[in-house]
Amino acid sequence: MKKRITIIGSGFSALSAACYLTQSGHEVFVYEKNESIGGRARQLKKGGFTFDMGPSWYWMPDVFERFFADFGKKTTDYYELVKLSPAYRVYFGIQDFIAIADNLEEIVSTFESVEKGSGNELRKFMAEAKSNYDIAIKDLVYRPGVSPLELITLETTKKLGQFFGNISKDVRKKFKNEKLIQILEFPVLFLGAKPSDTPSFYSFMNFADFGLGTWHPKTGMFDVVRAMETLARELGVQFFVNSNIEKIIVENKIAKAIVVNGERIDSDLVLSGADYHHTETLLDSEFRQYSEKYWESRVFAPSSLLFYIGFDKKLENISHHMLFFDTDFDQHAKEIYDDPKWPEAPLFYANFPSVTDKTAAPDGMESAFFLIPLAPGIHDSEKLREEYFGKIILRFEQLTAQSVKENIIFKESFCKNDFVEQYNSYKGNAYGMANTLLQTAFLRPKLKSGKVRNLYFTGQLTVPGPGVPPALISGKLVSSLINKQFLNE
Ligand SMILES: Cc1cc2nc3c(=O)[nH]c(=O)nc-3n(C[C@H](O)[C@H](O)[C@H](O)COP(=O)(O)OP(=O)(O)OC[C@H]3O[C@@H](n4cnc5c(N)ncnc54)[C@H](O)[C@@H]3O)c2cc1C
């Protein structure tokens with residue numbers, strides 16, 4: 001039967017759920033507090049420069065394809081993808097970098113040239129990573145995290161040990177060269193925890209990296225937001241921006257309405273794609289499922305200090321994605337997770353979309369995005385942002401052997417306080433709750449409220465976890481649960 005469903009937020013998970021729920025015949029209304037949709041994947045346009053504000057790595061293209069196929073569509077119906085070659089560069093010192101090719105064979109040769117025998121080890125490592133990918137991304141992540149039994153399959157029982165080992169140990173067992181170790185530890189950083197706290201089974205991220213490659217939607221990640229919005233509108237979803245939800249109204253333990261900019265809007269069901277912790281604050285305390293102590297005890301993905309920068313010239317020695325691992329990886333990880341403070345010598349990431357996409361910057365100019373991961377909940381101030389900008393831009397100049405500071409004609413920062421203020425993000429986390437062993441699958445916050453009927457959650461704090469592909473899957477999972485409930489009524 002057709003139901004009226006309101007969705008809080010318009011990030012990828014909310015957009016995905018909106019599409020699935022409308023396809024099932026429901027009437028769906030999406031309310032977004034900000035002036036544009038897309039959540040953390042919003043776009044910033046200024047002075048002729050265009051920046052994706054959040055995600056920039058398009059990994060796991062099969063997940064996007066599977067999403068659109070559910071609606072009888074293909075990604076190419078909406079956007080064009082470019083496979084990046086090289087996928088990315090990792091800097092370890094002045095003009096000392098390793099470029100990761102767009103195919104495994106070349107990556108194997110690169111490894112072999114750095115450490116003898118490592119090419120063969122990489123082949124074996126990748127075979128296991130692929131097998132984990134086939135189990136995890138083609139099957140397990142599409143289970144709703146309702147029961148521990150979901151994880152018990154013929155394949156996972158054979159790999160039980162991999163849930164108790166960790167990526168860091170595995171990589172170190174096979175590879176000795178520190179540079180190669182860091183390259184292989186990098187993909188699981190997307191899951192929000194230290195490699196030493198990330199189960200071995202998550203090596204499927206390495207297959208996503210080396211096996212499937214790094215892609216770029218032709219005019220940026222926002223192409224995907226636009227595509228999903230177009231699909232949603234084609235299906236009949238209605239969008240409302242500048243619509244802050246102030247309260248979820250519960251009557252007789254049933255979610256009955258939301259309050260948007262002071263106005264009550266009734267519906268049959270409320271689904272929140274906003275940060276879980278924030279959504280619970282929209283409920284009277286008796287209806288919250290998780291205490292402050294619970295949230296406090298969880299491992300959150302890092303917050304970030306970001307800079308969106310326009311340069312008035314073309315830069316040298318750059319590639320689309322660049323990782324700067326020229327400082328101590330473990331020390332920075334400690335300063336994020338174990339002893340939260342501003343890092344002494346931060347690792348950082350820089351992204352130059354205008355290398356691939358001519359629309360990202362005016363002719364003869366370059367657009368860039370710099371990111372330093374930080375501990376969630378850290379003190380944030382303009383002074384600290386500037387101090388750290390000074391540190392990384394100097395390093396960038398030294399490592400890539402050029403001067404660029406005087407060529408900055410546009411610069412805007414975004415940090416913890418903005419994550420809290422703009423997305424209601426718990427402690428200003430940038431990408432949700434980490435996928436550690438104890439925060440995986442059924443151990444993550446639930447898609448369905450156990451206290452309020454007709455209240456559901458989706459997004460990076462729920463299953464399967466952080467990242468754009470998981471957000472698409474989360475929207476599908478919650479929609480199935482909702483439809484199951486309606487079928488049983
Ligand atoms: C800097 C950065 C880099 C990243 N890089 C990558 C990457 O390269 N690749 C990748 O796959 N992933 C990346 N991620 C992670 C990825 O972007 C997220 O996991 C994903 O976009 C989260 O989607 P979501 O639907 O869970 O939530 P969100 O995108 O957070 O959407 C939630 C929405 O709810 C809205 N909202 C909150 N409160 C209210 C309210 N009261 N009323 C109305 N609306 C409300 C918010 O404004 C927001 O629009 C990155 C994230 C960041 C921040």
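So, domain 1 and domain 2 bury about 1,900 Å² between them, and 73% of that is on carbon and sulfur atoms. Keep in mind that this is a predicted model. On the domain 1 side, three residues stand out: Arg66, Leu437 and Phe442 supply 28% of the area that domain 1 buries against domain 2, more than any other three residues.

Where are these domains in the chain? Domain 1 is put together from pieces, 4-80, 220-297 and 436-488, while domain 2 is 122-202, going by the domain assignment. Their C-alpha centres lie 27 Å apart. The contact takes 20 residues from domain 1 and 22 residues from domain 2.

Okay, on to the ligand. There are 36 residues around the ligand, and the ones that come nearest are Ser13, Glu32, Arg40, Trp57 and Gln460. What kinds of residues make up that shell? We get 16 nonpolar, 17 polar and 3 charged.

Now let's look at some oxygen atoms of the ligand. Asn34 has a polar side-chain atom 3.1 Å from a ligand oxygen. With Ser56, the backbone does the job instead: a polar backbone atom there is 3.0 Å from an oxygen of the ligand. Gly467 also uses its backbone, with an N or O atom 2.9 Å from a ligand oxygen. And how much of the ligand gets covered? Taken alone, the ligand exposes 1,000 Å², and the protein buries 96% of that.

Last bit: which elements give two or more residues to the shell around the ligand? Those are helix H1 (12-23), helix H14 (416-423) and helix H15 (468-488). H14 gives the largest share, 3 residues.

How values were computed. Residues numbered from 1 in each chain as written. Predicted model: local features only at pLDDT ≥ 70, side-chain atom pairs only at ≥ 80, totals over all residues. Heavy atoms only, no water. Near = heavy atom within 4 Å. Polar contact = N/O pair within 3.5 Å; in protein donor to acceptor, adjacent residues only side chain to side chain. Areas by Shrake-Rupley, 256 points an atom, 1.4 Å probe, with all protein chains shown as cover. Helix = DSSP H or I, 4+ residues; strand = E, 2+ residues; numbered from the N terminus. Nonpolar A, V, L, I, M, F, W, Y, C, P; charged D, E, K, R; others polar. Domains from an automatic or database assignment. Contact = heavy atoms within 4.5 Å. Buried area = accessible area lost by both parts, 1.4 Å probe.
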